[in-house]
Amino acid sequence: MHRSGTSCLTGSLQEAGLFLGEAHTWNKHNQKGNRENQRIVDFHDRLLADNGGAWDDPPARVEWGEEHVAAARVLLADYAEHAVFGFKDPRALLALDGWKQLVPSIEFVGIFRHPNAVATSLDKRSTKPWHESVELWYQYNSVLYREYEKQRFPILNFDVEEAVLDKHIHGIVGGMGLPGRQGESDKFYSSDLKTNSAKGPFLPWKIRRLYRKLKKASV
């Protein structure tokens with residue numbers, strides 16, 4: 001889900017050797033950049049729009065047409081020379097079926113954050129009402145957890161302390177066969193960048209239940 005530590009995770013994997021292509025390294029909502037490849041984001045925006053939705057209005061179903069498959073193949077072909085290529089875009093959760101068919105060997109790494117922290121961050125970035133934000137949190141993370149149940153993959157909890165999160169990221173790096181970062185001085189993530197807490201309104205039961213499931217599933 002957006003505003004859930006995805007930039008932290010992706011930046012950490014990038015410094016450990018994951019090739020992202022041309023990724024954003026700064027914006028006003030992320031001091032170190034959201035690490036998104038704009039070509040991937042634009043592709044997902046077109047795909048969602050063609051299915052009658054958007055990142056904040058997920059379609060009931062996302063179908064890939066021949067033109068979408070062709071466009072995705074072009075994107076992947078441009079990075080084929082790199083041994084390990086990856087991308088981060090929360091919108092990808094809404095389009096997983098197409099990516100899995102196109103790249104059967106694709107590997108996932110997930111991360112989640114407390115719904116109230118996400119809602120507060122979205123309100124700052126996009127002025128979204130709390131109830132809309134927590135419902136979006138539920139829609140995105142329902143897909144994340146459902147995919148995890150199909151085939152287990154690492155899921156990180158962004159709410160844990162910095163040292164714990166760093167340890168878990170380090171474990172993922174080893175499992176992906178990445179070389180790892182060169183030293184501690186250039187470590188991507190610092191808890192100083194995390195500015196929103198879990199304080200907020202009482203959450204609906206279905207959202208509290210899903211958050212508990214994700215915490216149980218996390219590494």
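This section describes the largest pocket, the aromatic contacts, the salt bridges and selected backbone features of a predicted model.

The largest pocket of the predicted model has a volume of about 1200 Å³, and its lining is made up of 42 residues. Of these lining residues, Phe 87, Ile 106, Glu 107, Phe 108 and Val 109 lie nearest the centre of the pocket. In terms of residue character, the lining divides into 28 nonpolar, 8 polar and 6 charged residues. Several elements of secondary structure take part in the lining, with at least two residues supplied by each of the helices α1 (6-15), α4 (96-102), α6 (130-150) and α7 (162-176) and by the strand β1 (110-112). Among the contributors, helix α1 gives the most, with 4 residues in the lining of the largest pocket.

Aromatic contacts were examined next. A pair of aromatic rings is described by the distance of the centres and the angle of the planes. The count of aromatic pairs in the model comes to 12. One of the pairs is formed by Trp 137 and Tyr 211, whose rings are tilted, with 6.4 Å from centre to centre and 55 degrees between the planes. Because Trp 137 belongs to helix α6 and Tyr 211 to helix α8 (residues 205-217), this pair ties together parts of the chain that are 74 residues apart in sequence. Both partners of the pair, Trp 137 and Tyr 211, are buried. Elsewhere in the model, Phe 43, Trp 64, Phe 87 and Trp 99 form one aromatic cluster, and the Phe 87 of this cluster is also among the residues that lie nearest the centre of the largest pocket.

Positively charged side chains are also placed over aromatic rings. Lys 206 lies over the face of Tyr 138, at 4.3 Å from the ring centre, and Arg 125 lies over the face of Trp 55, at 5.0 Å from the ring centre.

Contacts between charged side chains form a further group. Side chains of opposite charge can pair when their charged atoms come close. In the predicted model the count of salt bridges comes to 10. In one of them the side chains of Asp 45 and Arg 91 meet with an N to O distance of 2.9 Å. This pair links distant parts of the chain, given that Asp 45 is in helix α2 (residues 38-50) and Arg 91 is in the loop between α3 (66-77) and α4, 46 residues apart. The two partners fall into separate accessibility classes: Asp 45 is partly exposed, with a relative accessible area of 31%, whereas Arg 91, at 11% relative accessibility, counts as buried. The contact is part of a wider arrangement, in which Asp 45, Asp 89 and Arg 91 are linked in a network of salt bridges.

Within helix α6, the side chains of Glu 147 and Lys 150 meet in a salt bridge, at 3.8 Å from N to O. Because Glu 147 and Lys 150 are 3 residues apart in this helix, about one helical turn separates them. Glu 147 is buried, its relative accessible area being 8%, whereas Lys 150 counts as exposed at 56% relative accessibility. A further salt bridge joins Arg 61 and Glu 63, the closest N and O atoms of which are 3.2 Å apart; in this case Arg 61 is exposed, with a relative accessible area of 60%.

The backbone was also considered at individual positions. Most residues other than glycine have a negative phi, and most peptide bonds are trans. Arg 35, although not a glycine, has a positive phi of about 60 degrees, and this residue is found in the loop between α1 and α2. Thr 127 likewise has a positive phi, near 50 degrees, and its place is in the loop between α5 (115-126) and α6. In accessibility the two positions are opposite, as Arg 35 is buried, with a relative accessible area of 13%, whereas Thr 127 is exposed, with a relative accessible area of 64%.

One further loop position may be noted. Glu 81 lies in the loop between α3 and α4 and counts as exposed, at 70% relative accessibility. The C-alpha atom of Glu 81 is separated by 25 Å from that of Thr 6, the two residues being 75 residues apart along the chain.

Definitions and conventions. Residues are numbered from 1 along each chain as its sequence is written. This is a predicted model: local features need pLDDT of at least 70, side-chain atom pairs count only at pLDDT 80 or more; totals for chains, interfaces and linings use all residues. Side-chain values use heavy atoms; hydrogens and water are left out. On a 1 Å grid over the protein atoms alone, a cavity is a set of points where a 1.4 Å probe fits but cannot get out, and a pocket is an open set with protein on both sides within 12 Å along at least five of seven lines; lining residues have an atom within 4 Å of a point. Grid points are joined across faces, edges and corners, and a volume is the space filled by probe spheres set on the points. Ala, Val, Leu, Ile, Met, Phe, Trp, Tyr, Cys and Pro count as nonpolar, Asp, Glu, Lys and Arg as charged, and the others, Gly among them, as polar. Rings of Phe, Tyr and Trp (its six-membered ring) pair if their centres lie within 6.5 Å; planes under 30 degrees apart count as stacked, over 60 as edge-to-face and the rest as tilted. Buried means under 20% relative accessible area, exposed over 50%, partly exposed in between (1.4 Å probe, protein chains only). A charge sits over a ring if NZ of Lys or CZ of Arg is within 6 Å of the ring centre and within 35 degrees of the ring normal. A salt bridge is a side-chain nitrogen of Lys or Arg within 4 Å of a carboxyl oxygen of Asp or Glu.
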